[in-house]
Amino acid sequence: MGAAAFYDLDGTLVRTNLVHAFAFSARNQQGLLKSMVKTAATLISVPMFLAADFYNRRLFNDLFFVRYRGESEDRLRCLAQELFDTVLRPSIFPGAYELIDKSRQLGLRQVLVTGALDITVGPLAKHLKIDDYVTNRLEFVDGYATGRLLPPVMAAATKASWMRIYAEKENLNLSDCYGYSDSMSDLPMLSVVGHPTAVNPDIRLRNTALQHDWPILDLR
Amino acid sequence: MRERAPKVLRGPVPRNKEDDQVVYIDGDSAPRILFSGEDLLLEDLPIGTRVLYPKPPIEGLANPGAAIRYALNHPLEAEPLYAQLAPGMRVTIAVDDISLPLPPMTTPDIRQTIIEILLELLDANGVDDVHIVIANSLHRHLSAAEMKRMVGAKIHDAFYPDRYYNHDAEDPDGIVHLGKTDHQEPVNINRRCVESDLVIYVNINLVPMDGGHKSVAVGLCDYESLRPHHEPETIRASDSYMDPKRSMLNTKVERQGALVDRHMNVFHIETALNNRIYAGATAFLSKNEDEFTEVDRLKFEAMRWTLSKMPRAAKRKLFHSIPAQYQMVAVYAGKTEPVHERILKHCWDQYAVHIRGQADVLICPVPFISPYNVNSILNPLLVQVMGLGYFHNFYRGKPLLKKGGVMILTHPCYDEFDHNHHPSYIEFFNRLLPETRDAMKLRHKYEEEFAKNPSYIEMYRRGNAYHGAHPFFMWYWGENGRQHIGKVIVAGAENAHVPKILGFDRADSLSEAIAMAKSAVGPSPDITMMHHPPIVMADME
């Protein structure tokens, strides 16, 4: 049986998060006024996003992705490469390249399991030479986002259950697999692998990692 | 401590009296002080127990600076250092890491004194391209504060971080393959050192295992280069690894060192320190308890009472913040082998106590510190390495303990690990040891998995963690002890599971441990206690 390294993305391998990606899209609306309004609305909402994320990742998703309602799919895809070049690539933690490289040398399959959007993750995954990735996907109707996510919504326990199914399908032994995340919301994801590691952890995950004697890594 | 009349020697000196540092317990003897981690015990030992005390500190050199300059100008089998220097050349100064000496010495650290002199000399000879590399091998990287303490603020501020840094054994671009020995042992060394015109190694020899070719060939190498000798068979074949002439570990390292010398120009500076760990208020800790004054007794009781009221973390912090009062007793420079030979003599002069006859039971107090937990926790694996590794190997000739004898360690054996320094130790202890304690099996089944674990590699490189393979080395380090000793009992272990995982027995107290030992080796055992720290080594007849 093989093994894989499963990575969360935002905060784990890159400094940015979902809000940065959305802010980029908000900043690049058609028309200056629209851009300013959308950017201001995003900024005002940041405390609410933080509070929601602290409370529950699902609540955060519900509140956050609705902001994409009305965005054109073409436009989002068009901006994806620019988003990667200007926002995401400079935000990759210096240690991320090396971690993935060492992991690949062990013969592990490299898999991203992230709540970020497929549109934004593609170029980044290619850049990091990731073998597989699973992301959240916006629902589009007639080429425009509805503000909802297509199931399964990648967050918390869903990530872990996706990993279990993936491991079974790909004949991977989860006990030999590695998991990397920065957030307490990914506790299920870290719990299903044999080698969990807290990366740049928030205080709650740090405490949990200490209790479970998991390695704590700082890639920043 | 109870009042005692001044000791009067009655009757003949015990028949086995070998050395002034050996004391036999009789009915009139004072109880002995033993370290038990961060605590001090006061125990009555059975009559007839032989206690080995460290020798008094050898007088330090009156003018270390002058002695260092003399050594640089009168090296052994090498040109004087100034004659080897030329403007524009590339020089790297490599220094021993924080594992030496123990505890860290008062500032200025002897490394600072030497490097200050070296930098003056290099500057005077027009050598500008100078780097300082800490030869930490797979040990943890030192923090900036620790690095600053080691060389002083002036050097630190001038060189850190670009020209004063830790060796990185996992830097893919930072290691050069020099070749293989005739026994197929690979030698991969720090690139900056290999590509330097001259490497000046600044060593501190705390125990005879240190120094010599180990400095460069081990201190500046990578995991692959360590594997041939940091393994169970080599340790089993070392009798002991503190005795270089009878150490397979040393033999293999010397082979690698010879290869290093063929490719690199190494100018070795070795120093020997005395054993003056305690001075002033704590000087009583290295005294024979029979010779305690009333003031010594008061100090001890005050210290013990204070420690009993403090939380463990605070006690640990307190002990780690007391620097040792070491003084340099010798310094030599030049070619590695002759320099090392001279320094070894000074080491043994300080540590060796002449002993006749092995013991059935050996009592070893385990203090709060080992080479691998400076500013950190002496975790269960390190308790093991202190007992089966260091204490067992503190001999020349034959082990102090008879084959199959009982070793008694005094330590709480707390289940505590430092997550920043020893992350791989935690997994090793909790996941592997419950499955097997067989060093060969551990090496073949799990060592590479740990050594190549990306998380542990990154924690070693970017944090202050020991390398993923290091807990295995710690286990191998106890391998010849494990093969020789019949039973290990931890007196005062506060839990049952830690000794059990280590393969040890536990006892509530030293007297209970001795009673247990008697049931293993007979009712009238020869009992010996090593009264350390400071270090004492048995020079066995």
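Select Gly126(B) to start: this residue is in the loop between helix H3 (110-124) and strand S6 (129-134) of chain B. Helices (H or I, at least four residues) and strands (E, at least two) are DSSP runs, numbered from the N terminus. Because Gly126(B) has 11 C-beta neighbours inside 10 Å, it counts as exposed. A residue is buried if 20 or more other C-beta atoms lie within 10 Å of its own, exposed if 12 or fewer, and partly exposed in between, with C-beta atoms placed from the backbone. Add Ile93(B) to the selection: 33 residues of sequence separate Ile93(B) from Gly126(B), and the C-alpha to C-alpha distance is 16 Å.

The model is a predicted one, in which local features need pLDDT of at least 70, side-chain atom pairs count only at pLDDT 80 or more, and totals for chains, interfaces and linings use all residues. Residues are numbered from 1 along each chain as its sequence is written, while chains are lettered from A and ligands numbered from 1 in the order in which they are written.

**Loops of chain B**

Go next to Pro108(B), in the loop between strand S5 (90-95) and H3 of chain B. The peptide bond joining Thr107(B) and Pro108(B) is cis, with omega about 0 degrees. A cis bond also joins Tyr160(B) and Pro161(B), again with omega about 0 degrees. Pro161(B) is in the loop between helix H5 (153-159) and strand S7 (164-166) of chain B.

Then select Gln184(B), in the loop between strand S8 (175-180) and strand S9 (186-190) of chain B. Gln184(B) is not a glycine, yet its phi is positive, about 65 degrees. With 7 C-beta neighbours inside 10 Å, Gln184(B) counts as exposed.

**The two domains of chain B**

Colour chain B by domain: the assignment gives domain 1 (22-57 + 282-322 + 356-540) and domain 2 (72-273). Such bounds come from an automatic or database domain assignment. Taken over C-alpha atoms, the centres of the two domains are 28 Å apart. Their contact takes 32 residues from domain 1 and 25 residues from domain 2 of chain B. Two residues are in contact if their C-beta atoms, placed from the backbone, lie within 7 Å.

On the domain 1 side, the elements giving two or more residues are strand S15 (395-396), helix H16 (439-451), helix H17 (454-462), helix H18 (470-477) and helix H19 (479-484) of chain B. By class, that side has 20 nonpolar, eight polar and four charged residues. Ala, Val, Leu, Ile, Met, Phe, Trp, Tyr, Cys and Pro count as nonpolar, Asp, Glu, Lys and Arg as charged, and the others, Gly among them, as polar.

**Strand S16 and the core**

Select residues 401-410 of chain B, strand S16: eight of its ten residues are buried, so the strand is largely enclosed by the rest of the structure. Strand S14 (residues 359-365) of chain B runs parallel to S16(B) and is joined to it by six bridges. Two strands pair if DSSP finds at least two bridges between them. In this pairing, Ile363(B) has Ile408(B) as its bridge partner. S16(B) also pairs in the parallel sense with strand S17 (residues 487-491) of chain B, over five bridges, and there Met407(B) has Val488(B) as its partner.

Stay on Ile408(B). Leaving out residues up to four places away in sequence, its contacts include Val361(B), Ile489(B), Leu510(B) and Ile514(B). Ile408(B) and Phe6(A) have the most contacts inside the largest nonpolar core, which has 227 residues. A nonpolar core is a set of buried Ala, Val, Leu, Ile, Met, Phe, Trp, Tyr and Cys residues joined through C-beta atoms within 7 Å. Helix H14 (residues 380-393) of chain B gives this core its largest share, eight residues.

**Across to chain A**

Show both chains: 16 residues of chain A are in contact with 14 residues of chain B. On the chain A side, helix H5 (94-105), strand S6 (195-199) and strand S7 (216-217) each give two or more residues. H5(A) gives the most, with five residues. That side divides into eight nonpolar, four polar and four charged residues.

After S6, select Asn200(A), in the loop between S6 and helix H9 (203-212) of chain A. Asn200(A) has a positive phi of about 40 degrees although it is not a glycine. With 21 C-beta neighbours inside 10 Å, Asn200(A) counts as buried.

End at helix H6 (residues 118-127) of chain A, where the buried residues include Ile119(A), Val121(A) and Leu124(A). Lys129(A) follows H6(A) and has a positive phi, near 55 degrees.
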